[in-house]
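Here are my notes for you to read with the model open beside them. Take the points one at a time and find each residue as you go.

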Amino acid sequence: MVSASEIISSSANRLPPKPQPPPSSPTDFFFSLFHHHPRLCLLSLFLLLQLLFLTSFSDHRPPFLTAATSAAVSSTIPPLDQCENGKIFVYDLPSQFNSDLYKNCDKSSVWGNWCGALSNDGFGHKVTENNHLMPENLAGAWYSTDQFSSEVLFHNRLLFHKCRTLEPESATAYYIPFYAGIAVGKYMMDDFSPKDRDQHCEMMLEWVQGNYPYFNRSNGWDHFLVMGRITWDFRWYGDQGWGSRCITMPSMTNVTRLLIEKNPWDYFADQPSDVVLWQEFVRSRERRSLFCFAGGTRGWVENDFRGLLLSQCQDSFESCRLVDCSGGQGCGTSVILESFLDSEFCLQPRGDSFTRRSIFDCMLAGSIPVFFWKRSAYLQYEWFLPGESESYSVFIHRDEVRNGTLIKTVLEKYGKEEIKRMREKVVETIPKLIYAKPNEGLGSMKDAIDIAVDGVLKRIKEKKVWKLI
């Protein structure tokens, strides 16, 4: 493949061709043209083939993507150092594995219509009630993004990613854009048969192995996919229980899986300047409360730990800002964000699983998280969070709190300079916790998807070095 600049510069040094008689047929004309202008013919043929190639992939593109997707990848070749760990090939799966699931969002969850959460390319509804809390030119950058929409967000972004290749033989890693979490959403309860729960995952694996040679060539080691739920939703065993058995299927053993919470044994920005402005905003924010807690009690849980945190917050008076979400009242986005912005520390107990979305909302607001379970952050997200946990967070074991340790007393021991250093580490981490626009990215900064892609490529590259693939 040659560039237009190479054609122009090399043709300038050629001697003029000798005059030839006119061709007697179209075929003669072509061979005559090819004889005298071979590079011009090759360029024309390349452009024609490229046009045919791009149009051939128009059938299965998700409905929220534009037709410029493949063209953007073809016309923008990134510098080699931006893809030093290799490139990614994106499978063009049949629509039943992604876009059809997206379009049928009103039937994709046992808890009702999920279309709002998946709107705006997976970012969800725009948030307007926070406008009074932030710089005016950042007001339109906030979305209410559901933690389970990552499959849509990743797919959209990777189609535009600077390290995507349209040539599978040149790829280091292979991305399978299967919306596993959305597919299993309406089959979560035990009202459905094992066949219902597993059908999409089984058909996807059969398609990938049957239509391309790359999965079988490496036994899946250089393949990855995003699964927008916690690991336990895909580890169903037996005839009764929860979720599907997608992760436990033999063909999935070696595939790299990006989930919102892993088995320990197994926000949005328009441009970089927006991120810098937000970082400066939360860095310089005056914080009037020592700590805050946003959450509600869970009466059905024995020895409810959240109840202890709520009581300690209430007993700390002005030192703790409380957003009581018990019963789902008084727990709006604006109130929670304001509590994080106004507090030095934010209490982060476990959620329905060991992690909770509030951890990242808290850090985006520049507040320092306080953990009570190491599995909430320290044993996960190693690609996204600082390696030294004490540099950006506080850990108080839950049993110490149950035995009478006062959280306020622990946090008051941190001096102003130490809090400042910890907050700076949190602020530095912010770009890794947000999603950039699919077709732009954050320039020299790396968002959450860039970090995940780098991690996958490095993992696969290391395996190849050690000849595991």
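1. Start with what packs over helix H12. The cover on the buried residues of H12 includes E6, E7, strand E8 (343–348), helix H15 (398–402) and helix H16 (407–411). Keep in mind that this is a predicted model. Which residues of H12 (residues 305–315) are buried? They are Phe305, Arg306, Gly307, Leu309, Leu310, Gln312 and Cys313.

2. Now look at the two ends of that helix. At the start of H12, Asp304 has a side-chain oxygen that comes within 3.3 Å of the backbone nitrogen of Arg306. Just after H12 you meet Phe317, with a positive phi of about 55°, although Phe317 is not a glycine. Phe317 belongs to the loop between H12 and E7. Is Phe317 buried or exposed? Its relative accessibility is 66%, and the cut-off for exposed is over 50%, so Phe317 counts as exposed.

3. Next, the sheet. Five strands make an open sheet, and if you walk across you pass E7-E6-E8-E9-E10, with parallel pairing. Strand E7 (320–324) and strand E10 (394–395) stand at the edges; each has a single partner strand, so one side of each has no neighbour in the sheet. If strand pairing is new to you: strands of a sheet pair through backbone hydrogen bonds, either parallel or antiparallel.

4. Phe291 is a handy landmark here. Strand E6 (residues 289–295) runs parallel to E7, and 5 bridges join them. On the E7 side, Phe291 has Cys320 as its bridge partner. E6 also pairs with E8 in the parallel sense, over 3 bridges. Which residue of E8 is the bridge partner of Phe291? That is Phe345.

5. Stay with E8 for a moment. How many of the residues of E8 are buried? The count is 6 of 6, so to speak a mostly covered strand. E8 and strand E9 (residues 368–371) run parallel and are joined by 4 bridges. In E9, Val370 is the bridge partner of Leu347. To get from E8 to E9, the chain crosses through helix H14 (residues 358–364), and this β-α-β crossover is right-handed.

6. There's also a charge and a ring to find. Lys374 has its charged end over the ring of Phe395, 5.6 Å from the ring's centre.

7. Time for the aromatics: the structure holds 18 aromatic pairs. Take Phe89 and Tyr174, whose ring centres are 6.2 Å apart and whose planes stand at 65°, so this pair is edge-to-face. The two come from distant parts of the chain, with Phe89 in strand E1 (residues 88–90) and Tyr174 in strand E3 (residues 173–175), 85 residues apart. Both Phe89 and Tyr174 are buried.

8. Another edge-to-face pair is Tyr91 with Tyr212, at 5.0 Å centre to centre and 70° between the planes. This pair also links distant parts of the chain, 121 residues apart. Tyr91 sits in the loop between E1 and helix H5 (99–103), while Tyr212 sits in the loop between helix H9 (194–211) and helix H10 (214–218). Tyr91 and Tyr212 are buried. Put both pairs in context: Phe89, Tyr91, Tyr174, Trp207, Tyr212 and Tyr214 form one aromatic cluster.

9. Last, two asparagines in loops. Asn254 lies in the loop between strand E4 (223–230) and strand E5 (256–261), and Asn219 in the loop between H10 and E4. What does Asn254 touch, not counting residues up to four places away in sequence? Its contacts are Asn219, Gly220 and Trp221. A polar atom of the Asn254 side chain lies 3.1 Å from the backbone oxygen of Asn219. The two sit at separate levels of exposure: Asn254 is buried, with a relative accessible area of 13%, whereas Asn219 is partly exposed at 48%. Asn219 also has a positive phi, near 60°, in a residue other than glycine.

Note on methods. Residues numbered from 1 in each chain as written. Predicted model: local features only at pLDDT ≥ 70, side-chain atom pairs only at ≥ 80, totals over all residues. Heavy atoms only, no water. Pairing = 2+ DSSP bridges. Phe/Tyr/Trp six-rings, centres within 6.5 Å; stacked < 30°, edge-to-face > 60°. Buried < 20%, exposed > 50% of the residue type's maximum accessible area, 1.4 Å probe, protein only. Lys NZ or Arg CZ within 6 Å of the ring centre and 35° of its normal. Contact = heavy atoms within 4.5 Å. Polar contact = N/O pair within 3.5 Å; in protein donor to acceptor, adjacent residues only side chain to side chain. Right-handed = clockwise from strand over helix to strand, strands pointing away.
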